[in-house]
Amino acid sequence: MLKINNLHASVEDKTILKGINLEVKAGEVHAIMGPNGSGKSTLASVIAGKEEYEVDKGSIIFEGQDVDELAAEDRAHKGIFLSFQYPVEIPGVSVTNFMKTAINETRKAKGLKDMPANEMLKLIRDKAELLEIDRKFLSRSLNQGFSGGEKKRNEIFQMAMLEPKLAILDETDSGLDIDALRIVANGVNKLKRKDNAVVVITHYQRLLDYIVPDFVHVLHNGKIVKSGTAALAHELEEKGYDWIKEEVNA
Amino acid sequence: MELKEKLLSSFLVFENKIDVGSYVQDIKSEAIKTFKDNGFPTKKDEDWKYTSLNKVLKEDYTLFSKKEHNIEYSDIKRYLIYDIDSYKIIFIDGKYSSHLSETTHDGMDICLTSAALSKPKYRLVIENYYNKVATKDSLTSLNTAFSNEGAYIHIPKNKLVEKPIQIIHFSTGNEAASMLQPRNLIVVGENSHVQIIERHQSLTENPVLTNSVTEIFANKRAIVDYYKVQNDKQNASLIDNTFINQRQESVCSVHTFSFGGKLTRNNLKFFQKGERINSVLKGITIVGDKQHVDHNTLVKHIEPNCESHQDYKGIFGDNAIGVFNGKVVVEKEAQKTNAFQANNNILLNDNATINTKPQLEIFADDVKCSHGCTIGQLDESAMFYLRSRGIPKKEAKALLMYAFANNVLESVKIPELKHRINRLIAGKLSVDIGFDL
């Protein structure tokens with residue numbers, strides 16, 4: 001589904017990714033871990049198509065197509081979804097209005113007509129229930145005044161609405177208390193199917209107790225320096241990242 | 001001949017033709033003198049520092065069109081809020097159109113300025129209100145001298161006017177260029193409530209200059225909701241002078257939606273003559289090309305315990321120019337005044353300009369006054385967020401701009417008008433998304 005080859009990327013002339021190789025197949029869950037500043041969020045943003053990031057070398061192939069030249073919205077239409085580490089507050093746009101616009105623009109890109117209003121409302125209701133979101137919440141301005149947990153739950157709600165093929169969850173666990181973490185993870189697990197894939201970016205092992213990865217990769221200084229199974233995450237939790245840094249530098 | 005000379009010489013002919021009593025005649029003679037002495041304002045006048053009338057004054061305007069027109073309802077329907085029951089006072093090239101209008105004398109007067117100025121039965125109202133709150137500046141005086149037509153609305157006390165009133169001044173473009181000077185007088189009695197929508201609309205691309213004056217008197221506890229829809233063609237310019245005199249506990253709001261036109265200048269002045277008055281001034285301006293929109297507001301707090309709320313949002317693209325000059329005066333007696341003013345702007349590129357200047361003159365010591373103006377660009381991180389959800393760049397931009405202006409629309413009390421404004425905004429931002437859900 002996703003194939004990243006020797007990806008080098010920079011922002012404002014500062015090289016952050018220095019040769020990433022990663023393959024994600026349908027049905028898989030991958031975790032990308034690593035210390036602060038290792039390039040995890042940059043990788044997520046580059047895959048989603050943030051314009052400030054420049055791909056200097058290498059390629060991102062999604063479903064057989066090089067997406068490097070595609071705008072963020074085109075990537076979204078193809079089925080790439082990024083759950084933001086820091087969801088942006090947008091006063092004046094309600095959650096419902098936002099989702100309605102996103103769904104209909106995605107449909108438009110696929111040559112489909114707007115979703116009928118009653119169908120839309122039902123979809124919103126069903127998915128809100130999945131994430132245990134109160135209906136009043138949906139008429140509030142997008143992310144404005146939301147707690148950390150509400151923001152993250154709202155991200156997964158959007159994922160549920162858009163049903164992407166590839167979901168990248170960037171530090172979705174940060175700022176979540178244990179109950180919110182359970183709800184979010186539960187939501188992600190329910191959305192998991194054989195034909196989609198999830199990449200979980202996290203600093204801690206905590207989330208991986210709930211969303212169990214098939215593969216764990218450690219990112220350090222812009223490169224994947226170690227890959228393994230879920231056991232690797234536990235090892236990192238116990239020993240920290242220093243031993244990996246030492247291993248790399250040795 | 002320069003426009004000023006043309007106006008002065010035409011006045012001599014006009015003066016003898018109009019059918020008004022000596023009371024109004026005297027006011028007109030006085031007014032033309034003021035205009036003669038002062039002429040059109042220039043950039044040397046502090047209040048006109050950022051807006052030059054030079055470009056719009058150079059046309060050879062016809063002052064009194066005599067040509068016939070054959071405008072039918074179908075030609076103008078799209079400019080009306082037609083899906084609601086309303087009173088309509090419609091003018092074509094400065095003349096009242098009875099077949100397009102819907103007026104009333106049933107328990108209130110919703111009719112014409114020309115009738116009010118000439119008929120003896122209106123004399124008392126005219127003597128009490130006509131030209132009483134309008135300031136004696138040059139442009140207002142010019143209107144006072146020439147104007148003979150417009151909407152006359154007199155609502156007696158304790159009356160809830162159930163249908164909104166639409167006042168629309170059309171110009172047909174029958175003349176190569178025309179100048180219009182409508183005059184509206186609106187008197188709202190104690191405890192009465194009225195909603196008014198005003199629009200100036202040309203039907204062709206021929207140049208039009210409108211110098212409009214509206215006087216509004218809100219008596220005790222009256223509620224007046226006034227909406228100005230400014231979405232005219234690209235060669236139409238408007239100088240809109242609106243004066244509001246409020247009595248004790250009255251609430252007046254003016255919403256101004258400026259999307260079209262070549263040059264638009266809004267002079268909006270509120271005078272609070274009583275206690276516990278509330279004045280609301282709101283505006284959304286979205287312009288591009290070389291459009292120029294200038295909001296010049298004044299709120300004069302004269303007595304204690306009054307409020308004013310100003311909230312103007314502006315979005316400027318291409319080479320558009322915006323001006324906001326908001327003055328709040330709190331006189332010595334006006335203790336416990338609560339005055340709020342905000343002017344927020346987005347510049348879509350480097351060529352667009354906004355000049356924003358809040359002015360506070362406070363002579364009382366126990367008051368709450370705040371003002372703030374901002375100028376910014378669209379937030380890049382918000383753009384990426386929307387686009388990452390599949391909303392294309394243009395639509396994402398439009399959604400953010402709409403969100404930026406949105407809170408001004410929340411206080412629009414006529415749902416059909418709000419819907420129409422939403423559509424106009426979507427059109428102005430050239431996107432096909434329904435903002436209201």
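**Two chains, their domains and their cores**

The domain assignment splits chain B into domain 1, covering residues 3–273, and domain 2, covering residues 382–437. Everything described here comes from a predicted model. Taken over C-alpha atoms, the centres of domain 1 and domain 2 of chain B sit 31 Å apart. The two still meet: 13 residues of domain 1 of chain B are in contact with 10 residues of domain 2 of chain B. On the domain 1 side of that meeting, at least two residues each come from strand 8 (193–202), strand 10 (223–230) and strand 12 (251–258) of chain B. Strand 12 of chain B gives the most to this side, with 3 residues. Sorted by class, the domain 1 side that touches domain 2 of chain B holds 7 nonpolar, 4 polar and 2 charged residues.

Now for chain B as a whole. Its secondary structure adds up to 10 helices and 20 strands. For a chain of 437 residues, a compact globule would have a radius of gyration near 22 Å, and chain B, at 21 Å, agrees with that. Along the principal axes, the C-alpha atoms of chain B fill a box of roughly 70 × 55 × 45 Å. Of its 437 residues, 49% count as buried. As for how the chain folds back on itself, take the contacts in chain B with a separation of 6 or more: 83% of them are between residues 24 or more positions apart.

Chain A can be described in the same terms. It has 8 helices and 12 strands. With 250 residues, the compact-globule expectation is a radius of gyration near 18 Å, and chain A has 18 Å, which agrees. Its C-alpha atoms fill a box of roughly 60 × 40 × 35 Å along the principal axes. In chain A, 42% of the 250 residues count as buried. Among contacts in chain A between residues at least 6 apart in sequence, 72% join residues at least 24 apart.

A closer look at chain A turns up an open sheet of 4 strands in the order 2-1-4-5, with antiparallel pairing. Strand 2 (14–24) and strand 5 (65–66) of chain A are the edge strands, each pairing on one side only. Strand 5 of chain A is joined to strand 4 (residues 53–62) of chain A in the antiparallel sense, over 2 bridges. Across this pairing, Phe62(A) stands opposite Gln65(A), which belongs to strand 5 of chain A.

Helix 1 of chain A, residues 40–48, is mostly covered, with 8 of its 9 residues buried. The buried residues run from Lys40(A) through Thr42(A), Leu43(A), Ala44(A), Ser45(A), Val46(A) and Ile47(A) to Ala48(A). Right after helix 1 of chain A comes Gly49(A), with a positive phi near 95 degrees.

How do the chains meet? In total, 24 residues of chain A are in contact with 19 residues of chain B. On the chain A side, the elements giving two or more residues are helix 2 (72–78), strand 7 (90–94), helix 3 (95–109) and helix 5 (148–162) of chain A. Helix 3 of chain A provides the largest share of that side, 8 residues. By class, the side of chain A that touches chain B has 13 nonpolar, 7 polar and 4 charged residues.

Finally, the nonpolar interior. The largest nonpolar core has 158 residues, and those touching the most other members are Leu166(A), Ile168(A), Val200(A), Val188(B), Ile216(B), Leu399(B) and Met401(B). Helix 9 of chain B (residues 393–409) supplies the largest share of this core, 10 residues. Both domains of chain B take part, with at least three residues of the core drawn from each of domain 1 (3–273) and domain 2 (382–437). Apart from this core lies another, of 18 residues, including Ala31(B), Leu180(B), Ala236(B) and Ile239(B).

One member of the 158-residue core, Val188(B), is among those that touch the most other members. Which residues does Val188(B) contact, leaving aside its neighbours within four places in sequence? They are Ile155(B), Val194(B), Phe217(B), Ala218(B), Asn219(B), Ala222(B) and Val224(B).

Note on methods:
Residues numbered from 1 in each chain as written. Chains lettered and ligands numbered in written order. Predicted model: local features only at pLDDT ≥ 70, side-chain atom pairs only at ≥ 80, totals over all residues. Contact = placed C-beta atoms within 7 Å. Nonpolar A, V, L, I, M, F, W, Y, C, P; charged D, E, K, R; others polar. Core = buried A, V, L, I, M, F, W, Y, C linked by C-beta atoms within 7 Å. Buried ≥ 20, exposed ≤ 12 C-beta atoms within 10 Å, placed from the backbone. Domains from an automatic or database assignment. Pairing = 2+ DSSP bridges. Rg over C-alpha atoms; globule rule 2.2 N^0.38 Å.
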